[in-house]
Amino acid sequence: MIGALYGILAAFSWGGGDFVGGIASRRLPTFFVVAASQTVALGILVPIALLSGQSIPDGATLQLTAIAGITGGTGVLSLYHGFAHGKISVVASIAGTLAALIPVAVALAGGETATPLRLTGFGLAIIAIYIVSTSADANTANAGAPGAHPDASSGAAAFGGALYGIAAGLCFAGFSLLFARVESASTLWLLTGLRVASVSALVSLFLIARAIGRRPPGAEEIRPGAIPTGRRGRIALVLTLAAAGSGDTLGNLFFLLASQESGVAVAAVFTSIAPVTTVLFAAVILRERIGLRQGVGIALAGAATLAIAAGGVV
């Protein structure tokens, strides 16, 4: 029971952080938003970890944590880019469904029982991903915002940003499988290691791209009006980036606790409801329109996640 609670807390932390980061990515380059938000989170984690008195994990644990951090950071970059140039409901639904589907599939391949309800969930998930990813619906509600990307309207990207959702979902599933294998009581250092790895990878990618005369993915030019000129606006921007980074970090913490308590398959399923919160924010705050076909696909994605989750406790 406590594992499910940790999973739900992780989902709300990730969902809220992703929504805030995605909104920031509609004004600022995705690469900048991810790098800045995770750097802010790292700046918060390091002193806390130093003051905690926890021992630094061994080299093998740190290496696995670093790989998980880079994988997860890549997923966040894909997700934010999808949010910035696509339809939030499409990208979030696909990413969440894959993030739940793949770890459970791996668990089943490893010998867990494939209950009829779980098999039904798998079938629904496949159908949902197909429907959502092939039903783009243009909506230009946010295209005229000051400093926004020219294509910051939902659905501007191909297939409503479905490809970004697939990339994000694959990365998040990989992160779940990798990070769940980490065994250490030094929780704060593990979270710090995730951020060190992801920030270092982003900085390295930026430097390499610049050295060969290219821009890294998502590193568009900052448009006029994107960065506020007043003090209040800039403070609000910093707080927004901090909220995005903190949400991601809290999500990682609760996911680790959930996986240690109930196993990676259960943790991945419960945390996969994160996109539900993101979709709700998009519908309520951004008033993002959802077409009938997309609505059916999103509903099927939610039903698939519930079936996969319930199938583990039947």
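Leaving out residues up to four places away in sequence, H81 touches T30, G86, Y164, G218 and E220. H81 is found in helix α3, which covers residues 59-85. With a relative accessibility of 14%, H81 falls under the 20% limit and therefore counts as buried. The model described here is a predicted one.

**Overall fold**

The chain has eleven helices and zero strands. Its pattern along the sequence is accordingly written with α alone, as α-α-α-α-α-α-α-α-α-α-α. Of the 314 residues in the chain, 52% are buried. The exposed area of the chain is about 13500 Å², and carbon and sulfur atoms supply 70% of that area. Among contacts between residues at least 6 apart in sequence, 88% join residues at least 24 apart.

**R195 and the salt bridge**

How many salt bridges does the structure hold? It holds one. The partners are R195 and D248, with 3.3 Å between the closest N and O atoms. This pair links distant parts of the chain, since R195 is in helix α7 and D248 is in helix α8 (residues 231-262), 53 residues apart. Helix α7 itself spans residues 187-211.

Are the two partners buried or exposed? R195 has a relative accessibility of 3% and so counts as buried. D248, at 10%, counts as buried as well.

The side chain of R195 also makes a polar contact of 3.2 Å with the side chain of Q38. Beyond four places in sequence, the residues that R195 touches are Q38, A41, L42, L45, D248, T249 and N252. Both the polar partner Q38 and the salt-bridge partner D248 are thus named in the contact list of R195.

**Nonpolar cores**

The largest nonpolar core has 29 residues. Which residues have the most contacts inside it? They are V33, V34, L79, Y80, F83, I88 and F172. Elements giving two or more residues to this core are α1 (2-24), α2 (30-52), α3, α4 (88-109), α6 (162-179), α8 and α10 (274-284).

Y80 is one of the residues with the most contacts inside this core. Setting aside neighbours within four places in sequence, Y80 is in contact with G17, D18, G21, G22, S25, T30, V33, V34 and A244. Two of these partners, V33 and V34, are also listed with Y80 among the residues with the most contacts in the core. T30 is in contact with Y80, and T30 is touched by H81 too.

There is also a second, separate core of 19 residues, which includes A68, L256, A267 and A274.

**S259 and the chain start**

S259 lies in helix α8, the helix that also holds D248. How far apart are S259 and A4 in sequence and in space? They are separated by 255 residues in sequence and by 9.4 Å in space, C-alpha to C-alpha. S259 has a relative accessibility of 8% and therefore counts as buried.

**Buried residues discussed above**

The table collects the relative accessibility values given in the text.

| Residue | Relative accessibility | Class |
|---|---|---|
| H81 | 14% | buried |
| R195 | 3% | buried |
| D248 | 10% | buried |
| S259 | 8% | buried |

Methods. Residues are numbered from 1 along each chain as its sequence is written. This is a predicted model: local features need pLDDT of at least 70, side-chain atom pairs count only at pLDDT 80 or more; totals for chains, interfaces and linings use all residues. Side-chain values use heavy atoms; hydrogens and water are left out. Helices (H or I, at least four residues) and strands (E, at least two) are DSSP runs, numbered from the N terminus. Buried means under 20% relative accessible area, exposed over 50%, partly exposed in between (1.4 Å probe, protein chains only). Contact means heavy atoms within 4.5 Å. Accessible areas come from the Shrake-Rupley method with a 1.4 Å probe; for residues, only the protein chains shown count as cover. A polar contact is a pair of N or O atoms within 3.5 Å; within protein, one must be able to donate a hydrogen and the other to accept it, and residues adjacent in sequence count only if both atoms are side-chain atoms. A salt bridge is a side-chain nitrogen of Lys or Arg within 4 Å of a carboxyl oxygen of Asp or Glu. A nonpolar core is a set of buried Ala, Val, Leu, Ile, Met, Phe, Trp, Tyr and Cys residues joined through side-chain atoms within 4.5 Å.
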